[in-house]
Amino acid sequence: MAKEKKGIRLEHISKIYKDPKTGKDFYAVKDASLNILPGSFVTLLGPSGCGKTTTLRMIAGFESPDEGEIYLGNEAINALTPNKRDTAMVFQSYALLPHYNVFDNVAYGLKLRKLSKSEIRTRVLKILDLVEMSGMEGRMTNQLSGGQQQRVALARALVLEPSVLLFDEPLSNLDAKLRVTMRTEIRRIQQEVGITAIYVTHDQSEAMSLSDQIIIMNKGVVTQIGTPQEIYYHPVDEFVADFIGEANFLKGTLKNRDGAGGVMEIEGHPLTLADAGNQKAGQSCTLVLRPESAVLADKGLLPCKVVLSCFMGSYQNYHVMLGDTLVKITEFNPKHKKIYSVGNQVYLDFNTEDAHIL
């Protein structure tokens, strides 16, 4: 697609609905400001009801914001109907036309635009090749597998050559193995075409594998924006840390500060940190420790007791009690390592630079 790449910009967007039970207004999306760069793959991630789908539907034009402005490139698009916007949506349900074959499903939007038969054929066959569906244009959609139907839905959106491709949980109807295959395909196609993509999911592994940037939403509010690495290693709060991957939360007090670092006390034991974040001396705080960042050892930072020791093949799964806190540990490649048993008094050991203070 040799057209100019465009991004999406949301400026203080809000959407207000009325609760049917209470009759009171509430914010489905509140004061969201986003800048999605041209050619990037961005995922809106969060639990059900967090506002991610509402945000996507406002970009598509299926919902109108009550406050704020949406820009596609430099053009304000709030007033434009969905068919007038330079976007295309891939739906969760695929929304294929059951009485049309693959070719006619993909060609449908081009026919509405009154393109010539020869141009329609050229573009449809080219896009079917891109999604690896060449030779299947004569099949009816009910003769296709779920993954093939998803490819047809993707081709139908791409053939319109939109500036922005929108995905509303497109893989949720597929089985786990096919989901992994299809998300790899979606990323390959997006990078090959160079299109701007905005993807909605509640599946954090999907978001991590696909995205240049992830936008975490909670209760209608944008909580954090960053690369998968930034969000995983430097979450802004416990909600984000717990939503992206698995996390242990070690509660304690920052006893003193020393430049950027300081000493945190956890269950009566001092822990020296090179980076104490923005915490002040005397303040209660939380250390986020990922299960794969810690190991058990005969000597280490924090004494604990093993309450679960389970061999999982590629890793040894431990649960330990650190005072009253349950800590989960994933120790990879355990074959030649010392394995601790339930009841053992051991130490939790980790590089403090791999933990993140909140």
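This section describes the overall make-up, the strand pairings, the helix packing and two individual residues of a predicted model.

The protein chain of the predicted model contains eight helices and 20 strands, and its C-alpha trace spans about 75 × 50 × 45 Å along the principal axes. Of the 358 residues in the protein chain, 47% are buried. Among the contacts in the protein chain with a separation of 6 or more, 64% are accounted for by residues 24 or more positions apart.

Five strands form an open sheet, in which the order is S13-S12-S11-S14-S20 and the pairing is antiparallel. The edges of this sheet are occupied by S13 and strand S20 (356-357), each of which has a single partner strand, so that one side of each is left without a neighbour in the sheet. Within the sheet, strand S11, comprising residues 248-258, pairs with S12 in the antiparallel sense over five bridges, and in this pairing Leu254 has Met264 of S12 as its bridge partner. Strand S12 (residues 261-266) is in turn paired with strand S13 (residues 269-273), again in the antiparallel sense and over five bridges, with Val263 standing opposite Thr272 in S13. The connection between S12 and S13 is a hairpin with two residues between the strands, and Glu267, which lies in the turn, has a positive phi of about 50°. As a general point, the side chains in a regular strand alternate between the two faces of the sheet.

Strand S19 (residues 345-350) takes part in two further pairings. Strand S15, which covers residues 294-297, runs antiparallel to S19 and is joined to S19 by four bridges; in this pairing the bridge partner of Ala294 is Phe350 in S19. Strand S16 (residues 302-311) is likewise joined to S19 by four bridges, and the two strands run antiparallel. Here Leu302 of S16 has Leu348 in S19 as its bridge partner.

Helix H4 (residues 146-158) packs against helix H5, their axes coming within 11 Å and crossing at roughly 20°. At an angle under 35 degrees, H4 and H5 are therefore roughly parallel to each other. The crossing in which H4 passes H5 is right-handed, and the contact involves Gly146, Gly147, Gln150, Arg151, Leu154 and Leu158 on the side of H4, together with Leu178, Met182, Glu185, Ile186 and Ile189 on the side of H5.

Helix H4 also meets helix H2 (residues 102-112), where the two axes come within 7 Å and cross at roughly 30°. This angle makes H2 roughly parallel to H4. H2 passes H4 in a right-handed crossing, and the residues that make the contact are Val102, Asn105 and Val106 of H2 and Val152, Ala155 and Arg156 of H4.

Glu185 is one of the residues through which H5 contacts H4, and its position is described here in further detail. The residue lies in helix H5, which runs over residues 176-193. Glu185 has a relative accessibility of 11% and, because buried means under 20%, counts as buried. The side chain of Glu185 makes a polar contact of 3.1 Å with the side chain of Arg151, a residue that also belongs to the H4 part of the contact between H4 and H5. A further polar contact, of 2.9 Å, joins the side chain of Glu185 to that of Arg188. When residues up to four places away in sequence are not counted, Glu185 touches Glu132 and Arg151.

Asn35, by contrast in its exposure, lies in strand S2 (residues 25-36). With a relative accessibility of 53%, Asn35 counts as exposed, since exposed means over 50%. Leaving aside residues up to four places away in sequence, Asn35 touches Ile8 and Arg9. Asn35 and Met89 are separated by 54 residues in sequence, and the distance between them in space, from C-alpha to C-alpha, is 19 Å.

Conventions:
Residues are numbered from 1 along each chain as its sequence is written. This is a predicted model: local features need pLDDT of at least 70, side-chain atom pairs count only at pLDDT 80 or more; totals for chains, interfaces and linings use all residues. Side-chain values use heavy atoms; hydrogens and water are left out. Buried means under 20% relative accessible area, exposed over 50%, partly exposed in between (1.4 Å probe, protein chains only). A polar contact is a pair of N or O atoms within 3.5 Å; within protein, one must be able to donate a hydrogen and the other to accept it, and residues adjacent in sequence count only if both atoms are side-chain atoms. Contact means heavy atoms within 4.5 Å. Two strands pair if DSSP finds at least two bridges between them. Axes are lines fitted to C-alpha atoms, for helices over the stretch in contact, and angles run from 0 to 180 degrees between N-to-C directions. Angles under 35 degrees count as roughly parallel, over 145 as roughly antiparallel, 65 to 115 as roughly perpendicular and the rest as oblique. A crossing is left-handed if the near helix is turned anticlockwise from the far one by less than a right angle, and right-handed if clockwise.
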